[in-house]
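Trainee: I am new to this structure and would like a close look at one part of it. Please start at the turn near the beginning of the chain and follow what it leads to.

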Amino acid sequence: MNKSSFEQNGGTYRTVGDYIIPNIVLPAEATKPLGVWGLKRKDYLMRHKRVQFNIMLMTGTLLTHLAEVDEQASNMFSRLVEQMKINEDITEMLKADDQMEWVARINNIEARAREIVNHELILTA
């Protein structure tokens, strides 16, 4: 009997009941817990870039990619919020004088920063 191309390249099979199943093992990847940005990127890849997601999954680079994006996005978000707070003169003095105004302005800044991070890092090819 002729060997399949899978067997010619060093692959093996195992029998489970009436089925012959190829022995495929994914490469081991370092596991690091993902934050919100990494999970958003994963969701985007799964929904909109399925081929890219599967290639990274099969080559063992998905979790590394997600961890890098998570770290970059987190740093970018923090930096943007701080820059916007400085540019818009949102200080601890405002917080002490008018807490509701401070909360409203901080929420607005964080929403804008989230949109920028999503557009620049998360929802890109």
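Mentor: Strands S1 and S2 make a hairpin with two residues between them, and glycine 17 in that turn has a positive phi of about 65°. Strands (E, at least two residues) and helices (H or I, at least four residues) are DSSP runs, numbered from the N terminus. The model is predicted, so to speak of local features takes a pLDDT of at least 70 and side-chain atom pairs count only at pLDDT 80 or more, whereas totals for chains, interfaces and linings use all residues. Residues are numbered from 1 along each chain as its sequence is written, and side-chain values use heavy atoms, with hydrogens and water left out.

S1 covers residues 13-16 and S2 covers residues 19-22; the two run antiparallel and are joined by four bridges. Two strands are said to pair if DSSP finds at least two bridges between them. Within the hairpin, arginine 14 has isoleucine 21 of S2 as its bridge partner, and threonine 15 stands opposite isoleucine 20 in S2. In a regular strand the side chains alternate between the two faces of the sheet.

Further along the chain come the helices. Helix H2 (residues 36-48) contains histidine 48. Histidine 48 has a relative accessible area of 56% and is therefore exposed; the scale is buried under 20%, exposed over 50% and partly exposed in between, computed with a 1.4 Å probe on protein chains only. From the C-alpha atom of histidine 48 to that of alanine 67, 19 residues apart along the chain, the separation is 19 Å.

The axes of H2 and helix H3 (residues 50-59) come within 5 Å and cross at roughly 120°. Axes here are lines fitted to C-alpha atoms, for helices over the stretch in contact, and angles run from 0 to 180 degrees between N-to-C directions. H2 brings Arg41, Lys42, Leu45, Met46 and His48 to this contact, and H3 brings Arg50, Gln52, Phe53 and Met56. The residues of the contact of H2 with H3 are four nonpolar, two polar and three charged. In this sorting Ala, Val, Leu, Ile, Met, Phe, Trp, Tyr, Cys and Pro count as nonpolar, Asp, Glu, Lys and Arg as charged, and the others, Gly among them, as polar. Contact means heavy atoms within 4.5 Å.

Helix H4 (residues 62-87) has 26 residues, so at 1.5 Å a residue it should span 38 Å, and its end C-alpha atoms, 37 Å apart, agree with that. The expected span is 1.5 Å times one less than the number of residues. After H4 comes aspartate 89, in the loop between H4 and helix H5 (92-97). Its phi is near 55°, a positive value in a residue other than glycine. Most residues other than glycine have a negative phi. With a relative accessible area of 56%, aspartate 89 is exposed.

H6 has 24 residues and reaches 32 Å from its first C-alpha to its last, close to the 34 Å expected at 1.5 Å a residue. The axes of H4 and H6 (residues 99-122) come within 9 Å and cross at roughly 140°. The crossing is right-handed; that word applies if the near helix is turned clockwise from the far one by less than a right angle, and left-handed if anticlockwise. Among the residues that make the contact are Val69, Ala73, Phe77 and Val81 of H4 and Ile106, Ile109, Ala113 and Val117 of H6. The contact of H4 with H6 divides into 14 nonpolar residues, one polar and five charged.

The buried residues of H6 are Trp102, Ile106, Ile109, Ala113, Val117, Asn118 and Ile122, and they pack against H2, H4 and H5. At 13% relative accessibility, asparagine 118 counts as buried. Leaving aside residues up to four places away in sequence, asparagine 118 touches Trp37, Lys40 and Leu123. Arginine 114, also in H6, is partly exposed at 34%. With the same exclusion of residues up to four places away in sequence, arginine 114 touches Trp37 and Phe77. The C-alpha atoms of arginine 114 and valine 81 are 9.3 Å apart, with their positions 33 residues apart along the chain. Glutamate 115 of H6 is exposed, with a relative accessible area of 55%. Its C-alpha atom is separated by 9.6 Å from that of phenylalanine 77, 38 residues apart along the chain.
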